[in-house]
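Colleague: Got a minute to go through this one with me? I'd like to start with the small chain and work outwards.

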Amino acid sequence: MTIDAATVRKVAKLAHIRESEDRLDSLAAELNGIMQWIEQLNEVDTDGVEPMASAVALTLPLREDVVSAGGDSAEILANAPGARNGFFVVPKVVE
Amino acid sequence: MSDVSALTGLTLKDALAGLAERRFSSEEITRAHIGVVEAARPLNAFVLETPDLALEMARASDARRASGDAGPLEGAPIGVKDLFCTKGVRSTAGSRILGNFTPPYESTVTANLWRDGAVMLGKLNMDEFAMGSSNETSAFGPVVNPWRAEGSNRDLTPGGSSGGSAAAVAADLVLGATATDTGGSIRQPASLTGTVGIKPTYGRCSRWGVVAFASSLDQAGPIARTVEDAAILLRSMSGHDPKDSTSLPGDVPDFAAFVGRSPKGLRIGVPKEYRANGMPPEIEALWAQGVAWLKDAGCEVVEVSLPHTKYALPAYYIIAPAEASSNLARYDGMRYGLRVDGSSLNEVYEETRAAGFGDEVKRRILIGTYVLSAGYYDAYYLKAQKVRRRIADDFDAAFAGVDALLTPTAPSAAFGLGENNADPVAMYLNDIFTVTVNLAGLPALSLPGGLDSQGLPLGLQLIGRALDEGTLFTIAGALEKAADFRAKPRRWW
């Protein structure tokens, strides 16, 4: 599996990162280098091995379904690039 | 107490004793540290100095002590890696994308430290989002290692990602520092700066309020000047936190009580697979020296096998970027941090993230997005999770016969800034000895073992069973005594 410029363009789009056209080839080369190194995982026999998603074998705890935070919109909005009247100001989403 | 220079360079333990005996106040020792922090700006270890806050916290500490209400870290000035959110104090994770983000909350780990009386000198530099092994991916520029090779003026890396923490501890700017470790980011910088760092068992320290990189691997821990100092700090940092669903329940042991005990009779494993890949002779020699020290201390040293060791880094470079690409999706320019305007919503997202993230972070987001994208999930992500299980099983098998493992921490001493940047994979190989334990969730500690022929520190790593940091502190205490590492960087800054 090799990564070409078109693949980088598609993945960058999925990741919401703009990459200029003249960077795509060098990025593809870098990512190929990394992915080729990763391919050695195929040498490992993993038939019947349970995937390991967490470092600890804990079941996730449940808590009471109650409101534990809130009522602090001023604090939450304090870091917003745009805020007005207790709301985030964001670019127009629906034309 | 008038001699200010006598108040820096103390161990945390001695500083706490001096404070308890009222030989000096927190305000005095904090003021002394503020002075050395300012004088050490050429190291670029701090991204934000907080001298006013430090003095305020120090005076409050002195008042608590006067009222008989002193905590275990009462009055001790420390540094905080900028990955920890600190209430009312800018927290950037070393990234432009967080801009001037000022958290309205405090991370659990730092809250625990302040609860126990510690004083914050400022926020420490780091690789962007903790992604790097040389501190060169920081938006604030690299930290410079206080150590230099003998007869050389070349700037060296302190390692990464906790490079600011390690450099600040090594240069005596702080009594200790918080750090985090996703693939080696506590232990590799500790090794490159002649300091002690421990990544505890996954879940020991709450991740709440720590900017997320790869959530199933991220774990906080301290960097300190001695094994006992690391034990003292880790005890305060640890503890169950209902706000982190992966936080471990149960009491936190008094880790410092394990330091100074005899390791006699313990069985130590030496993993034969770590010898592969043309290890430099000086690293090999230090490792053999470590084995000899442990034998002298009455330990039994045996060879063990961790057959999947060579697959740990490739598995990590699927799992960590996959988790990172998901975690870092939150940086969309809407609620906090940087926003770059554009003509549509998507353009705002794309331009913000293009301007806000550095090259290494983008590279990892792209890898993560790629391996999680339709058609590749099973081939890469699922495969890596299965290999991860194999690696964890290797450790389980080894720990059936031994109490701890001894390895080198890093494949080299500190290298030059700019020296390892051409090939991302070459940089990733810095974590070859450290990354396995993150995948398995085990505790591991690095301590200085000696100097190489250029006069640069080299570290030894101890790996323990889950939740058995105590045994690591016992063995590390014995190694520290045997190594008698007293070298300090010559002050050039």
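Modeller: Sure, and one definition before we count anything: helices are DSSP runs of H or I with at least four residues, strands are E runs with at least two, and both are numbered from the N terminus. Keep in mind that this is a predicted model.

Colleague: In what order do the elements of chain A run from the N terminus on?

Modeller: Chain A has three helices and two strands. Reading from the N terminus, the order is α-α-α-β-β.

Colleague: How does the radius of gyration of chain A sit against the globule rule, and what is its value?

Modeller: For 95 residues the globule rule gives 12 Å, and chain A is well over that, so it is more spread out than a compact globule. Its C-alpha trace spans about 55 × 45 × 25 Å along the principal axes, and buried residues make up 18% of the chain. The radius of gyration itself is 22 Å.

Colleague: Take H2 of chain A, residues 24-38. How wide is the arc that holds its buried residues?

Modeller: The end C-alpha atoms of this helix are 21 Å apart, which agrees with the 21 Å its 15 residues should span at 1.5 Å a residue. Buried in H2(A) are A:Leu27, A:Ala28, A:Glu30, A:Leu31, A:Ile34, A:Met35 and A:Ile38. Seen down the axis they line one face of the helix, because they fall within an arc of 165°.

Colleague: And which elements of chain B help cover those buried residues of H2(A)?

Modeller: The face turned away from the buried side carries the exposed residues A:Asp25 and A:Ser26. On the buried side, the cover includes H1 (5-14) of chain A and, from chain B, H9, H11 (359-372) and H13 (424-428).

Colleague: Which helix gives the largest share of the largest nonpolar core?

Modeller: Nonpolar side chains in soluble globular proteins tend to be buried together. Here the largest nonpolar core has 170 residues, and those with the most contacts inside it are B:Ile78, B:Ala231, B:Ala315, B:Ile318 and B:Leu462. Its largest share, 10 residues, comes from residues 312-327 of chain B, which is helix H9.

Colleague: B:Ile78 has contacts beyond its sequence neighbours; which residue of E4(B) is among them?

Modeller: Leaving aside neighbours within four places, the contacts of B:Ile78 include B:Leu113, B:Met120, B:Val174 and B:Ala177. Strand E4 of chain B covers residues 177-181. The residue you're after is B:Ala177.

Colleague: Is E4(B) mostly covered, or is it open, and what stands opposite B:Thr178?

Modeller: Mostly covered: five of its five residues are buried. B:Ala177, B:Ala179 and B:Asp181 point one way, and B:Thr178 and B:Thr180 the other. E4(B) pairs in the antiparallel sense with E6(B), residues 219-224, over five bridges. There, the residue opposite B:Thr178 is B:Pro222.

Colleague: What about H3(B), residues 51-66: what arc do its buried residues cover?

Modeller: This 16-residue helix reaches 22 Å from first C-alpha to last, close to the 22 Å expected. Its buried residues are B:Ala54, B:Met57, B:Ala58, B:Ser61 and B:Asp62, while B:Asp52, B:Ala63 and B:Ala66 are exposed on the face turned away. The buried ones sit on the same side of H3(B), because they cover an arc of only 145°.

Colleague: Where is the cis peptide bond, and what is its omega?

Modeller: Most peptide bonds are trans, so a cis one deserves a look. B:Ser161 lies in the loop between E3 and H5 (163-170) of chain B. The cis bond joins B:Gly160 to B:Ser161, with omega about 10°.

Colleague: B:Asn44 and B:Leu467 both have a positive phi; which one counts as partly exposed?

Modeller: B:Asn44, with phi near 60°, is in the loop between H2 and E1 (46-49) of chain B. It is buried, because 21 other C-beta atoms lie within 10 Å and 20 or more is the cut-off. Phi near 70° belongs to the residue in the loop between E11 (457-464) and H15 (469-483) of chain B. With 16 C-beta neighbours inside 10 Å, the partly exposed one is B:Leu467.

Notes: Residues are numbered from 1 along each chain as its sequence is written. Chains are lettered from A and ligands numbered from 1 in the order in which they are written. This is a predicted model: local features need pLDDT of at least 70, side-chain atom pairs count only at pLDDT 80 or more; totals for chains, interfaces and linings use all residues. The radius of gyration is taken over C-alpha atoms; the globule rule is 2.2 Å times the number of residues to the power 0.38. A residue is buried if 20 or more other C-beta atoms lie within 10 Å of its own, exposed if 12 or fewer, and partly exposed in between; C-beta atoms are placed from the backbone. A nonpolar core is a set of buried Ala, Val, Leu, Ile, Met, Phe, Trp, Tyr and Cys residues joined through C-beta atoms within 7 Å. Two residues are in contact if their C-beta atoms, placed from the backbone, lie within 7 Å. Two strands pair if DSSP finds at least two bridges between them. The expected span of a helix is 1.5 Å times one less than its number of residues. The arc is that of the directions from the helix axis to the C-beta atoms.
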